[in-house]
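The following report describes one protein chain for a reader working at the bench. It begins with a single residue and then turns to the pocket, other selected residues and the chain as a whole.

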Amino acid sequence: MAIDKNEYQKTVEKIKPKPPVLKNCLLAFLMGGFVCLLGEVLFHFLRGYGISEKDGYTVVSVVFILISAILTGTGIYDDLVRIFGAGLIVPITGFANSMVSPALEHKQEGLVLGVGAKLFTVAGPVIIYGVLSSLIVAIILRGLGKL
């Protein structure tokens, strides 16, 4: 029995399960808000102990990176991302996950050729484009006399 491509595509569309978009958006929104709330609570806690505003933001970033790295190393981060989706892939936690995951995946290949070589496979392009974008913006601002 032959079936043409369009008919096959229509059949697939009919039986393909629909993703729960509203539920996924709500869970991502709530988890993203929870992460931000956690950061604010930690920041104000640190400020209460006399840490400067600049140092407080740095400490919060470091704590988020540490928590993300630990959760990735224990395998919990991937499970949480499956549930909460984009809510957990905020830049700081997602960056930590993108650094730790390849390192864990390739650790059996050794420290140099495994962890060292594969550590930046995901995060490397992000770093390169971030640095290049910053350089371009700095050149433009310098040309305008605003830097």
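## Ser-68 and its surroundings

Apart from neighbours within four places in sequence, Ser-68 is in contact with Tyr-77, Thr-93 and Ala-96. The model is a predicted one. Ser-68 belongs to helix α3, and its relative accessibility of 2% places Ser-68 in the buried class, because buried means under 20%.

## The largest pocket

Ser-68 is also one of the residues that line the largest pocket. Two of its contact partners, Tyr-77 and Thr-93, are likewise part of that lining. The other lining residues are Met-31, Phe-34, Val-35, Leu-38, Phe-64, Ile-67, Leu-71, Leu-80 and Leu-88. Helices α2 (21-48), α3 (53-73) and α4 (76-84) are the elements that each give two or more residues to this lining.

What is the volume of the largest pocket? The value computed for the model is about 190 Å³. With respect to residue class, the lining comprises ten nonpolar residues and two polar ones, while charged residues are absent from the lining.

## Further residues in the helices

Leu-27 is located in helix α2, one of the helices that contribute to the pocket lining. Is Leu-27 buried, partly exposed or exposed? Its relative accessibility is 23%, so Leu-27 is classed as partly exposed. Beyond residues up to four places away in sequence, Leu-27 touches Ile-83 and Phe-84. Leu-27 and Gly-87 are 60 residues apart along the chain, and their C-alpha atoms are separated by 7.3 Å.

Lys-54 is found in helix α3, the helix that also holds Ser-68. With 67% relative accessibility, Lys-54 counts as exposed, because the exposed class covers values over 50%. Lys-54 and Asp-78 are 24 residues apart in sequence, and the distance between their C-alpha atoms is 31 Å.

Helix α5 spans residues 91-105 and includes Asn-97. The relative accessible area of Asn-97 is 14%, and Asn-97 is therefore buried. When neighbours within four places in sequence are left aside, the contacts of Asn-97 are Thr-72, Tyr-77, Asp-78 and Pro-102. Tyr-77 thus appears among the contacts of Asn-97 and among those of Ser-68.

Ala-103 lies in helix α5 as well. Ala-103 has 14% relative accessibility and counts as buried. Which residues does Ala-103 contact, leaving aside its neighbours within four places in sequence? The partners are Val-115 and Leu-119. The C-alpha atom of Ala-103 is separated by 7.5 Å from that of Gly-116, a residue 13 positions away along the chain.

The C-alpha separations are collected below.

| Residue pair | Separation along the chain | C-alpha distance |
|---|---|---|
| Leu-27 and Gly-87 | 60 residues | 7.3 Å |
| Lys-54 and Asp-78 | 24 residues | 31 Å |
| Ala-103 and Gly-116 | 13 residues | 7.5 Å |

## The chain as a whole

The chain contains seven helices and zero strands, and its pattern along the sequence is α-α-α-α-α-α-α. The radius of gyration is 22 Å, whereas the globule rule gives 15 Å for 147 residues; the value is well over that figure, so the chain is more spread out than a compact globule. Taken along the principal axes, the C-alpha atoms fill a box of roughly 75 × 45 × 35 Å.

What share of the 147 residues is buried? Buried residues make up 21% of the chain; Ser-68, Asn-97 and Ala-103 are among them. The accessible surface comes to about 11000 Å², and carbon and sulfur atoms account for 71% of that area. Of the contacts in the chain with a separation of 6 or more, 46% are between residues 24 or more positions apart.

Key: Residues numbered from 1 in each chain as written. Predicted model: local features only at pLDDT ≥ 70, side-chain atom pairs only at ≥ 80, totals over all residues. Heavy atoms only, no water. 1 Å grid on protein atoms, 1.4 Å probe; cavity = no way out; pocket = protein on both sides within 12 Å on 5 of 7 lines; lining within 4 Å. Points joined across faces, edges and corners; volume = space filled by probe spheres on them. Helix = DSSP H or I, 4+ residues; strand = E, 2+ residues; numbered from the N terminus. Nonpolar A, V, L, I, M, F, W, Y, C, P; charged D, E, K, R; others polar. Rg over C-alpha atoms; globule rule 2.2 N^0.38 Å. Buried < 20%, exposed > 50% of the residue type's maximum accessible area, 1.4 Å probe, protein only. Contact = heavy atoms within 4.5 Å. Areas by Shrake-Rupley, 256 points an atom, 1.4 Å probe, with all protein chains shown as cover.
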